[in-house]
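Work through the exercises below with the sequence and the structure open. Each task is followed by a solution in steps.

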Amino acid sequence: MLTREEWYAALAERHGAELQKKFADASVAVCGLGGLGSNIAFALARAGVGHLSLFDFDCVDVSNLNRQQYFPDQLGMEKTAALSETLRRINPFLEITAQTVKLTPENIPVLLADCPFICEAFDRADQKAMLVNTVLEQLPLAFLVSGSGMAGLDSANSIRTRKISRRFYLCGDGTSDVAAGLGLISARVAVCAAHEANMILRLIAGHTEA
Amino acid sequence: MVKVNGKQEAFDGMTVRAMLDALQCQTDRVAVERNENIVPKAQYDTVILQEGDHIEVVSFVGGG
């Protein structure tokens, strides 16, 4: 059985001990556990981020399996429970706080109060805007990374990370709207999720440029 | 003139809401930064754009 020391040493050898300590000491909130959030959480868990706060109100559905990190035997489970289970298979030592709740302007300032790094990973445009506005208005110390525009099968090269302001970063192509009839396809959604996760890891490491 | 998403626009003197209307943005899907600070939603009718302001309007699209 893998020990905590073996796990940490393996990551420190690949990432460097100083960087690995920063990852291990970090806490990240992932808001929404769909195609973006489940892939973001995978990347952060594999990098050895020490603590993840997971938020979603939904259950695993067959329509999720084309792009989200769930499995047929998890159908019907709450996404928070299903993803926590899988993340612990990646890193048995990961600390997880998972809450099955719909985030709102009222509860965000409370539930995300202690989160220095926040990933927006919702699917609806109005909900993305709600989270971003609430965090930027009410949580003045948090860094926020959001995703907008990853539907369809355009080039992966059009997805990028932009720094909008001192503590707000936006990933995606900015325009590919699922409402325009474009489907969400595994690889392109994962590219956007990887942009979000990479920006979070850069911020943890102390890099503030996009 | 006001710089909006990198483009010069004659929006000085307008409220944030009037600017969003002129840009045909849906206010429930945007975040507006003015000179690197978020404009609270509750102030869209009262914040007046000033000459030289740098505005970033982020219009979110669906999918995730």
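**Exercise 1: a helix pair**

In this predicted model, helix 1 of chain A contributes A:Y8, A:L11, A:A12 and A:H15 to a contact with A:A17, A:L19, A:Q20, A:F23 and A:A24 of helix 2 of chain A.

Task: sort the residues of this contact by class, then describe how helix 1 of chain A and helix 2 of chain A are arranged.

Solution.
1. By class, the contact of helix 1 with helix 2 of chain A holds seven nonpolar residues, two polar ones and no charged ones.
2. The axes of helix 1 (residues 4–15) and helix 2 (residues 17–25) of chain A come within 7 Å and cross at roughly 125 degrees.
3. An angle between 115 and 145 degrees falls in the oblique class; helix 1 and helix 2 of chain A are therefore oblique to each other.
4. The crossing of helix 1 and helix 2 of chain A is right-handed.

**Exercise 2: a second pair**

Task: find the angle between helix 3 of chain A and helix 4 of chain A, and name the residues that make the contact.

Solution.
1. Helix 3 and helix 4 (residues 79–90) of chain A have axes 9 Å apart and pack at an angle of about 25 degrees.
2. Angles under 35 degrees count as roughly parallel, which makes helix 3 of chain A roughly parallel to helix 4 of chain A.
3. This crossing of helix 3 and helix 4 of chain A is right-handed.
4. Helix 3 of chain A supplies A:S38, A:A41, A:F42, A:A45 and A:R46, and helix 4 of chain A supplies A:L83, A:L87 and A:I90.
5. The classes in this contact of helix 3 with helix 4 of chain A are six nonpolar, one polar and one charged.

**Exercise 3: the surroundings of helix 3**

Task: how many of the 13 residues of helix 3 of chain A are buried?

Solution.
1. Helix 3 of chain A reaches 19 Å from its first C-alpha to its last, close to the 18 Å expected.
2. Among its buried residues are A:G35, A:L36, A:I40 and A:L44.
3. In total, 10 of the 13 residues of helix 3 of chain A are buried, so this helix is largely enclosed by the rest of the structure.
4. After helix 3 of chain A comes A:G48, with a positive phi near 90 degrees.

**Exercise 4: the contact between chains**

Task: which element of chain A gives the largest share of the side that touches chain B?

Solution.
1. The contact takes 31 residues from chain A and 16 residues from chain B.
2. Helix 3 (35–47), helix 6 (125–138) and strand 6 (160–165) of chain A each give two or more residues to the side of chain A that touches chain B.
3. The largest share, eight residues, comes from helix 6 of chain A.
4. The residues on this side of chain A divide into 14 nonpolar, 10 polar and seven charged.

Definitions and conventions: Residues numbered from 1 in each chain as written. Chains lettered and ligands numbered in written order. Predicted model: local features only at pLDDT ≥ 70, side-chain atom pairs only at ≥ 80, totals over all residues. Axes fitted to C-alpha atoms, helices over the stretch in contact; angles between N-to-C directions. Helix = DSSP H or I, 4+ residues; strand = E, 2+ residues; numbered from the N terminus. Parallel < 35°, antiparallel > 145°, perpendicular 65-115°, else oblique. Left-handed = near helix turned anticlockwise from the far one by under 90°. Contact = placed C-beta atoms within 7 Å. Nonpolar A, V, L, I, M, F, W, Y, C, P; charged D, E, K, R; others polar. Expected span 1.5 Å × (residues − 1). Buried ≥ 20, exposed ≤ 12 C-beta atoms within 10 Å, placed from the backbone.
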